[in-house]
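Biologist: Please show me the model, and then let us go through its ring pairs and its ligands.

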Amino acid sequence: MSTDTVLKADGVTRRFGRFTALKDVSVSFNRGRLTSIIGPNGAGKSTLFNVLSGAFPPSEGRIYYEDREITGTPQHAFPRMGIAKSFQITNVFPQLTAVENVRVALQAMTNRFTLWRSRTSFPELQEKAEALLDQVGLDRHRHRNAGNLAHGEQRCLEVALALACEPRLLLLDEPTAGMSPEETRVMMDLIEGLAAERTVILVEHKMKLVMGISDQLIVLHHGELLAEGTPADIQSNDDVKRVYLGQRT
Amino acid sequence: MATKNSRTERLATNDIPISGRRVAAALHAVARHRVLAVLVLLAIFPWLMPYKALAVDILLYGLFAMGFNLIFGYTGMLSFGHAAFFGTGAYATGIAMVHFNVPWFGAMALGLVIVAAVAAVIGLLATRTRGIYFAMVTLALGQLVYYAVYQMTELSGGENGLRGIQVSELSVLGVPVNLLDPVNKYYFMLAFIGPAIWVFSRILASPFGAVLEAIRENENRARACGYNVAQTKWVAFLLSGLFCGVAGSLSAIHLSIVPIESLHYHTSGLAVMMSLLGGMGTFFGPFIGAFVFLLLEDVITNITVHWQLFLGTLFVLFVLFLPKGIWGTLLERLGR
Ligand SMILES: Nc1ncnc2c1ncn2[C@@H]1O[C@H](COP(=O)(O)OP(=O)(O)O)[C@@H](O)[C@H]1O
Ligand SMILES: [Mg+2]
């Protein structure tokens, strides 16, 4: 594995019953880069995302992270390896306040089985939680229940949850899904800022949205790797044009 | 305090008519100092009851339902097998005292060790499943314990239950205490149940308590945050089983017998009913549920032999119209 590569999928196939959602995909992701995985709905983007981020193992093939193989590593071990993610479908703790959401995420790194102290007796966690909410623009909503936040705000909160483990690699599955244009702009700005400091893998089906900010693009179609390259390469790729023609992009 | 519980049990006095304000303020104070409030109430409790043994029953079943609520209300898993921990605690303590002449304190300690082992094994098998499967697996394993103890006639007395637990002269720190005296017995029980309530409250307020809430709220996200959900559930299950085991162990001393029913799924069902009546996932709910259930049972059995029908109907009405239970609904009405 080259020293520039952070994450690598090698011949990854994923089947659901008889259906093959991902067919022999080999890709690598470079350190410090923002790589977007694009493709029409049903192309297998989320499946690849889930295999890469440990939600389920591939049916065949291997995953490497930094200098070791991580195929089959359980999901909960990922944050401590420095890999965090946000899901395609909003995934927060709805009945907890925004700041409690982040605090519980932070606590996963330090106090998983602390039974005999008050959870409020950790000022450093509280401060960090508030700083993270600041970072994603939710400082005003600290004490609101996550379930009562606007859709876009919940998505930003989920990014804050992902950032809690100080990830070197951040994976985001359609972070702007269902967002208004204004919310989308806020989220894309946030992602650009985050990408300046770490490796980011972004799944998106709207190609236009990621062209401007991606260093590298991966195009999936019917579970197969269709193309791979810089935004310029992809824009001029005939296969990609054909796949996206007639598709709402 | 910014914990989940203090938040759900936080009471605002706005929007409530003046007459209700005093009640709200009183409840507010209760919710703030919940451990102290409970202990004061518990100290005078037997004299508020028709007879003192009922007070002990309410405490014991309250503790049982509270332990159960750690899994049900706080972690979000419905178990139908918690009688296994209540009954095992009762039998292990009783058998140690009756057959092996172990002093009561040693017998209780031994009982808890055995409950821990049983809860560890059942937890390991059950926490791998979710939802209805979890309910079924706990039910099946609970019944397995029931039949196993039922078969051990020599030790357990089988269908007749375990008899002959001597409690008329227990040595408490060297002082002989006659537990046949209802007041002595009540305070003896309180000496265990009071600290148990306090420990429980500490666990809920701890970072671990926050993890349980997170798992109840969203298991997937908790996992993605770095929590080993299966392992956390197992620890919660073990703790829950231990609290229920303490209740069972004390019940052996309370009744001086252990009926085989203490292991039956009816007993598991009692914990479910009491938690739901009082309010699942609330601190006081299980005790209020135990209080209402046992008091009604006591009153209704004096009127009719069909008391189960009445309690069953009441339970259904509660689930339909007051799903948050008595305490849960009260908090909601006065709180938000
Ligand atoms: N858990 C699953 N079980 C069965 N089929 C699935 C599952 N997840 C995804 N699929 C199927 O795999 C294909 C790719 O899905 P997905 O990876 O979610 O696509 P995308 O994210 O690119 O829209 C779809 O046809 C989808 O129906
Ligand atoms: Mg998808």
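The questions below deal with aromatic pairs, charges over rings, a metal site and a ligand shell.

Biologist: Is this a predicted or an experimental model, and how many aromatic pairs does a search of the whole structure find?
Modeller: The model is predicted. The search runs over all chains. Its count of aromatic pairs is 22.

Biologist: W116(A) and W198(B) form one such pair; what is its geometry?
Modeller: The ring centres are 5.4 Å apart. The planes stand at 90°, and over 60 degrees is the range for this class. The pair is edge-to-face.

Biologist: What does the pair of W116(A) and W198(B) join?
Modeller: W116(A) lies in the loop between α3 and α4 of chain A. W198(B) belongs to helix α9 of chain B. The pair therefore joins two chains.

Biologist: Are W116(A) and W198(B) buried or exposed, or in between?
Modeller: W116(A) has a relative accessible area of 41%. W198(B) has 40%. Values from 20% to 50% fall in between, so W116(A) is partly exposed, and W198(B) is partly exposed.

Biologist: Which class does the pair of F64(B) and F86(B) fall into?
Modeller: The centres are 4.7 Å apart. The planes meet at 40°, which is neither under 30 nor over 60 degrees. The pair is therefore tilted.

Biologist: How many residues apart in sequence are the parts that F64(B) and F86(B) tie together?
Modeller: F64(B) sits in helix α4 of chain B, and F86(B) in helix α5 of chain B. F64(B) is buried at 0%, and F86(B) is buried at 2%. The parts they tie together are 22 residues apart.

Biologist: Which charged end sits over the ring of F56(A)?
Modeller: The charged end lies 4.4 Å from the ring centre. It belongs to R14(A).

Biologist: Which protein atoms are donors to the magnesium ion, ligand 2?
Modeller: The donors lie 2.0 to 2.2 Å from the ion. One residue is in helix α1 of chain A and the other in the loop between β6 and α3, so the pair ties together parts 42 residues apart in sequence. The donors are S46(A) (OG) and Q88(A) (OE1).

Biologist: What polar contact does the side chain of S46(A) have with ligand 1?
Modeller: An N or O atom of the S46(A) side chain faces an oxygen atom of ligand 1. The distance is 2.8 Å.

Biologist: Which element gives the most to the shell around ligand 1?
Modeller: β2 and α1 of chain A each supply at least two residues. With three residues, the element that gives the most is α1(A).

Definitions and conventions. Residues are numbered from 1 along each chain as its sequence is written. Chains are lettered from A and ligands numbered from 1 in the order in which they are written. This is a predicted model: local features need pLDDT of at least 70, side-chain atom pairs count only at pLDDT 80 or more; totals for chains, interfaces and linings use all residues. Side-chain values use heavy atoms; hydrogens and water are left out. Rings of Phe, Tyr and Trp (its six-membered ring) pair if their centres lie within 6.5 Å; planes under 30 degrees apart count as stacked, over 60 as edge-to-face and the rest as tilted. Helices (H or I, at least four residues) and strands (E, at least two) are DSSP runs, numbered from the N terminus. Buried means under 20% relative accessible area, exposed over 50%, partly exposed in between (1.4 Å probe, protein chains only). A charge sits over a ring if NZ of Lys or CZ of Arg is within 6 Å of the ring centre and within 35 degrees of the ring normal. Donors are N, O and S atoms within 2.8 Å of the metal (3.2 Å for Na, K and Ca); water is not among the atoms, so sites may look incomplete. A polar contact is a pair of N or O atoms within 3.5 Å; within protein, one must be able to donate a hydrogen and the other to accept it, and residues adjacent in sequence count only if both atoms are side-chain atoms.
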